[in-house]
Amino acid sequence: MTTPSKVALVVGAQGVIGRNLVDHLASLDDWQVIGLSRRGGASSERVSHVAVDLLDPADAREKLSSLTQVTHVFYAAYQDRPSWAELVPPNLAMLVNVVDAIEPVAKGLQHISLMQGYKVYGGHLGPFKTPARETDAAFMPPEFMHDQQRFLEQRQRGATWSWSAIRPAVVGGFALGNPMNLALAIAVYASMSKELGLPLRFPGKPGAYDHLLEMTDAGLLARATVWAATEPSCANQAFNITNGDLFRWNDMWPVVAEYFGMEVAPPLPLSLESVMADKEPLWRTMIGAHGLAEHAYADVSSWRFADFVFSWDYDLFGDGSKARRFGFHEHIETKAMFTRLFDDFRRRRIIP
């Protein structure tokens, strides 16, 4: 085996994005991987994990002070808060604390990759210009992704390392206990609907059923992120990274229903955060009846995020051509992504 020549520090290693990034990097012979998260993880030959509170500057300095060999930082950490304004202080502070701790000790630092999303374009606020492009103007703050990128741009001036900003659409992948896992939320919602003898009903706003959107497979995103971090022409650039196709829920929802062997009923606006709040007893019953893995209901529930995505009664997609112009040409059919993820959830005995 090739001796690793690059050392990745993956910040947020237990999330949907971070887990897939760790797995991809660990499959490459020339990388050693260090994962940072609040709860840590099981280390292996190629991957070590560090538990750290990134909101505590002292803890960050202490835990990162020995990571002198790091060459690339992949930042994918996120702290959820009730409002857009409240998201700014913790999410900016975590990035600042990582850079403040690692930059002085990692003398061979080459690159810092920042994971963003379509919040950069205001996609979470309401109808916006589509397709969104990396050159689109910023909007009135608060928006923590703008603050994070501005911090990196200013910090990089005169430095020997470069940065990149990666902007996926809604990410599809595997992770438990993650607040933004749409595919798992759909799978659990469908499984519970079937358990109750109900058809599969789209629970979002009426207009959301018919508008265009796109997603980003977590594996494809990992490969694109590493590509941008190691391709010299990508230095100090932002890239939209998506599966490459668009869809509407009115076309995708029957595909999901067919996978679970269910009928489709007409859409009905439902707050999943409300109607699924009392379903933990049902979940416990399903674990026993179907021999599922013993996962807490809270770990498989991303209802607030699902409600958020299903409320988009406007088009939400970006222009992915810049990444192709710079040399990244991978793509995946979103229907195939959902099928593969559902198969994976079943293989892990998360759903029946």
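# A tour of the predicted model

Select Pro-131, which sits in the loop between strand E5 (111-115) and helix H4. The model on screen is a predicted one. Look at the bond that leads into this proline: the peptide bond from Thr-130 to Pro-131 is cis, and its omega is near -5°.

Stay in this loop and move on to Pro-142, also found between E5 and H4. Here the peptide bond from Pro-141 to Pro-142 is cis, with an omega near 15°.

**The two domains**

Now colour the protein by domain. Domain 1 covers 6-170 + 217-241, and domain 2 covers 177-215 + 246-315 + 331-345. Their C-alpha centres are 28 Å apart. To see where they meet, show contacts between the two: 19 residues of domain 1 touch 17 residues of domain 2.

**Helix H6**

Select residues 218-230, which form helix H6. How many residues does H6 have, and how far does it reach from its first C-alpha to its last? It has 13 residues and reaches 19 Å, close to the 18 Å expected at 1.5 Å a residue.

Next, show the surface of the protein around this helix. Eleven of the 13 residues of H6 are buried, so the helix is largely enclosed by the rest of the structure. Among the buried residues are Leu-220, Leu-221, Val-226 and Trp-227. Small side chains are on the list as well, including Ala-218, Gly-219 and Ala-222.

Go to the start of H6 and select Asp-217 and Gly-219. A side-chain oxygen of Asp-217 comes to within 3.0 Å of the backbone nitrogen of Gly-219.

Then follow the chain from H6 towards strand E11 (237-241); in the loop between them is Asn-236. Its phi is near 60°, a positive value in a residue other than glycine. Is Asn-236 buried, partly exposed or exposed? Asn-236 is partly exposed, with a relative accessible area of 31%.

**The largest nonpolar core**

Select Leu-182, Trp-249, Phe-310 and Phe-345. Of the 62 residues in the largest nonpolar core, these four touch the most other members. Helices that give two or more residues to this core include H3 (84-102), H4 (144-156), H7 (249-259) and H12 (334-347). Which helix gives the largest share? That is H5, with ten residues. Domain 1 and domain 2 both give residues to the core, so it lies between them.

Keep Trp-249 selected and show what is around it. Leaving out residues up to four places away in sequence, Trp-249 touches Leu-182, Ile-186, Phe-202, Ala-208, Tyr-209, His-211, Leu-213, Pro-254, Phe-310 and Phe-338. There is also a second, separate core, which has 32 residues. To find it, select Val-73, Leu-95, Ile-112 and Ala-238, which are among its members. As background, nonpolar side chains in soluble globular proteins tend to be buried together.

**Tyr-189 in helix H5**

Select Tyr-189, which lies in helix H5. Tyr-189 counts as buried, at 7% relative accessibility. Now add Leu-200: Tyr-189 and Leu-200 are eleven residues apart in sequence, and their C-alpha atoms are 8.5 Å apart in space. Leu-200 is one of the residues that Tyr-189 touches. Others, not counting residues up to four places away in sequence, include Arg-201, Pro-203, Trp-253, Met-276 and Trp-303.

**Helix H9**

Select residues 280-290 to see helix H9, then pick out its buried residues: Leu-282, Trp-283, Met-286 and Ile-287. Turn the view to look down the axis of H9: these buried residues fall within an arc of 145°, so they line one face of the helix. An α-helix has 3.6 residues a turn, so residues three or four places apart point the same way.

What do the buried residues of H9 pack against? They pack against helix H5 (182-195). Turn to the other side of H9 and select Pro-281, Gly-288 and Ala-289, which are exposed. Just past the end of H9, Gly-291 has a positive phi of about 65°.

**Last stop**

Finish in the segment after H12, where Arg-349 lies. Its phi is near 60°, a positive value in a residue other than glycine. Arg-349 is partly exposed, with a relative accessible area of 44%.

Definitions and conventions. Residues are numbered from 1 along each chain as its sequence is written. This is a predicted model: local features need pLDDT of at least 70, side-chain atom pairs count only at pLDDT 80 or more; totals for chains, interfaces and linings use all residues. Side-chain values use heavy atoms; hydrogens and water are left out. Buried means under 20% relative accessible area, exposed over 50%, partly exposed in between (1.4 Å probe, protein chains only). Helices (H or I, at least four residues) and strands (E, at least two) are DSSP runs, numbered from the N terminus. The arc is that of the directions from the helix axis to the C-beta atoms. Contact means heavy atoms within 4.5 Å. The expected span of a helix is 1.5 Å times one less than its number of residues. A polar contact is a pair of N or O atoms within 3.5 Å; within protein, one must be able to donate a hydrogen and the other to accept it, and residues adjacent in sequence count only if both atoms are side-chain atoms. A nonpolar core is a set of buried Ala, Val, Leu, Ile, Met, Phe, Trp, Tyr and Cys residues joined through side-chain atoms within 4.5 Å. Domain bounds come from an automatic or database domain assignment.
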